[in-house]
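Me: I am new to this structure and would like the terms justified as we go. Please set each one against its definition.

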Amino acid sequence: MREALALAQEGRYSTHPNPRVGAILLRDGRELGRGAHLQAGGPHAEVLALREAGESARGATLYVTLEPCSHHGRTPPCSDALIAAGVRRVVVAMADPNPLVAGQGIARLRAAGIEVDLPCLEEEAAWLNRGFIQRMRTGRPWIRIKQASSLDGKIALANDQSQWLTGVLAREDVQQERAQASAILVGVGTVLADDPRLAPRLESAPLRYPVKIVLDGHLRTPPTAALLRSPGRTWIVHRDDADGASGPALVAAGARLVALPPASSGVGVDFTALMQFLAAEEVNELMVEAGGRLSSSLLDAGMVDEYLLYFAPLLLGRDARAFAEPGPFTELGQIPRWRLRESQVLGQDVKLRYLCQQEA
């Protein structure tokens with residue numbers, strides 16, 4: 001199963017909105033076939049493993065990182081393919097939270113006389129597909145804030161200068177993180193200050209690029225913005241009461257405009273409506289590359305699952321921009337706790353990945 005989970009990582013950049021799945025067929029300790037799902041609409045991992053095994057799949061054991069599907073989606077049901085191939089036993093890392101499957105694949109296999117065992121390395125399998133699972137269970141994406149920070153928790157000087165706090169290795173790692181996300185969200189302030197491309201830069205072109213999303217309540221994004229010229233789709237999310245004068249130029253530049261109701265505070269768009277929209281668009285993992293204001297708003301709304309911080313070995317001082325200022329709080333018990341999931345040294349910088357304790 002560990003080998004199947006490693007195999008599933010081959011689809012980490014490309015399977016959205018589908019989950020990442022790996023599968024290995026064995027008999028008497030000998031591998032017969034393997035497969036990894038790589039792209040929505042393409043063959044599933046189980047089907048690829050069966051193709052490689054051919055007739056030798058009959059009587060074999062399949063190890064798969066997610067429950068085989070039981071419904072007709074972009075491809076036929078994998079459970080039917082396993083039954084037809086005569087597989088004797090299936091070991092499943094975890095059940096599929098998709099309501100279209102949700103135990104039905106397992107039930108179909110067992111009804112056909114196939115032995116099914118689960119769970120196996122369920123925690124590792126759930127981490128691999130945390131965005132897909134989150135969307136299926138809660139109706140919103142997994143939200144990851146990414147920020148580069150000084151040691152004193154600042155992300156930019158008072159004049160907004162922030163390039164570059166971190167070194168080359170950290171910036172290269174960010175490209176990998178970007179490529180794994182379904183979508184990347186920034187505020188319009190970031191667009192106006194930094195004019196980012198947002199599309200990840202990788203050695204070889206990925207099968208898919210994350211959607212670039214600008215949270216722009218009053219449509220201030222310039223039609224000449226770099227992200228409108230970089231690979232991948234661009235969505236500009238604005239208030240439904242915004243002056244739409246710049247809308248036609250943005251659409252002509254390739255943007256999709258998304259109108260949402262304003263927040264009850266009167267500032268920006270309603271986050272609940274935004275998450276519902278993203279879930280309907282099958283966004284699994286949302287990577288937020290934001291300043292302190294947007295980060296604080298998401299934290300206050302309880303909508304951050306993961307905090308990804310790159311700490312650079314410098315101090316920006318008291319007037320610099322803080323990476324987040326949630327609250328105010330009056331009791332320590334009100335403050336969400338975070339659990340360290342990962343730490344990594346990247347040159348002179350340190351990468352820290354935290355999970356909100358309630359999501360751990």
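Me: Why are strand β1 and strand β3 said to pair?
Reply: In this predicted model, β1 (residues 22-27) and β3 (residues 61-64) are joined by four bridges. Pairing requires at least two bridges found by DSSP, so β1 and β3 count as a pair. Their sense is antiparallel, and one of the bridges links A23 to V64 in β3.

Me: What makes β2 and β5 edge strands?
Reply: The open sheet has the order β2-β1-β3-β4-β5, with mixed pairing. Both β2 (30-36) and β5 (115-117) pair on one side only. Neighbouring strands in this sheet are turned by 15 degrees against each other on average, with direction ignored. Helix α2 (residues 45-53) lies across β1, β2 and β3 and runs at about 140 degrees to β2.

Me: How do you know that β13 and β16 pair?
Reply: Six bridges connect β13 (residues 306-311) with β16 (residues 349-356) in the antiparallel sense. The cut-off is at least two bridges, so the two strands qualify as a pair. Y307 has Y354 in β16 as its bridge partner.

Me: Why are β11 and β15 placed at the edges of their sheet?
Reply: That open sheet holds nine strands in the order β11-β10-β9-β8-β12-β6-β13-β16-β15, and its pairing is mixed. β11 (255-260) and β15 (338-346) each have a single partner strand, so each has one side without a neighbour in the sheet. On average, neighbouring strands here are turned by 20 degrees against each other, direction ignored.

Me: What makes α7 a helix that touches the sheet?
Reply: Contact means heavy atoms within 4.5 Å, and α7 (residues 168-180) touches β6, β8 (183-187), β12, β13, β15 and β16, so α7 is said to touch the sheet. The direction of α7 makes about 160 degrees with that of β13. Helix α6 (residues 130-138) lies across β6, β12 (285-288), β13 and β16, at about 135 degrees to β6.

Me: Why is the space lined by T15, H16 and others called a cavity?
Reply: A cavity is space where a 1.4 Å probe fits but cannot get out. The search of the whole structure finds one cavity of 30 Å³ or more, and the largest has about 30 Å³ of space. T15, H16, N18, R20, N129, F132, N284 and E285 line this cavity.

Me: What classes of residue make up that lining?
Reply: One residue is nonpolar, five are polar and two are charged.

How values were computed:
Residues numbered from 1 in each chain as written. Predicted model: local features only at pLDDT ≥ 70, side-chain atom pairs only at ≥ 80, totals over all residues. Heavy atoms only, no water. 1 Å grid on protein atoms, 1.4 Å probe; cavity = no way out; pocket = protein on both sides within 12 Å on 5 of 7 lines; lining within 4 Å. Points joined across faces, edges and corners; volume = space filled by probe spheres on them. Nonpolar A, V, L, I, M, F, W, Y, C, P; charged D, E, K, R; others polar. Axes fitted to C-alpha atoms, helices over the stretch in contact; angles between N-to-C directions.
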